[in-house]
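User: Please take a close look at one strand of this model and what surrounds it. I would like a connected account rather than a list.

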Amino acid sequence: LISLRQTTQALRSGSYEPAVGVPEGCLAFSRRLNEQEIFVALNFSAGEAEVPLPGAADDRPWRVLLSTRGEDREGLELCRAVRLSGHEGLLLISDHS
């Protein structure tokens, strides 16, 4: 996580925007700088939760950068929403270029 923060400008100095439609027990927000957007989704509950992704209406693709669930999700491409396991944290990236 520290390495990602050091190498990803949007995480260091991008604008902050809280996500909408986030279920209870979760926190989600975007950090955006220029064409790069990072979406952070955190599930603080023990159960699964589905969090809508920004740009869901236009099927904007997001790629998993980091998951606390393990490397099985890293690099996975998602659209519309992400299903988080209990106590999972996830960082995704979208390039608006």
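Analyst: Pro52 stands opposite Ala81 in strand E7 of this predicted model. Strand E7 covers residues 81-84, and four bridges join it to E4. The two strands run antiparallel.

Within E4, the side chains take turns between two faces. Ala49 and Val51 point to one face and are buried, while Glu50 and Pro52 point to the other face and are not buried. In general, side chains in a regular strand alternate between the two faces of the sheet.

On the partner's side, Arg80 belongs to the loop between strand E6 (77-78) and E7. Phi of Arg80 is near 70°, a positive value in a residue other than glycine. Most residues other than glycine have a negative phi.

E4 also borders another loop, the one between E4 (49-52) and strand E5 (62-67), where Arg60 is found. Arg60 has a relative accessible area of 18%, so it counts as buried, the cut-off being under 20%. The side chain of Arg60 makes a polar contact with the side chain of Glu37, at 2.9 Å.

Glu37 leads to one more loop, between E2 and strand E3 (36-43), which holds Asn34. Phi of Asn34 is also positive, near 55°. Asn34 is exposed because its relative accessible area is 62%, and exposed means over 50%.

Strand E2 (residues 26-33) contains Leu27. With 38% relative accessibility, Leu27 is partly exposed. Together with Tyr16 and Phe44, Leu27 makes a nonpolar surface patch of about 340 Å².

How values were computed
Residues numbered from 1 in each chain as written. Predicted model: local features only at pLDDT ≥ 70, side-chain atom pairs only at ≥ 80, totals over all residues. Heavy atoms only, no water. Patch = residues over 30% accessible without salt bridge, like charges linked within 9 Å, V, L, I, M, F, W, Y side chains within 5 Å. Areas by Shrake-Rupley, 256 points an atom, 1.4 Å probe, with all protein chains shown as cover. Salt bridge = Lys/Arg side-chain N within 4 Å of Asp/Glu carboxyl O. Buried < 20%, exposed > 50% of the residue type's maximum accessible area, 1.4 Å probe, protein only. Polar contact = N/O pair within 3.5 Å; in protein donor to acceptor, adjacent residues only side chain to side chain. Pairing = 2+ DSSP bridges.
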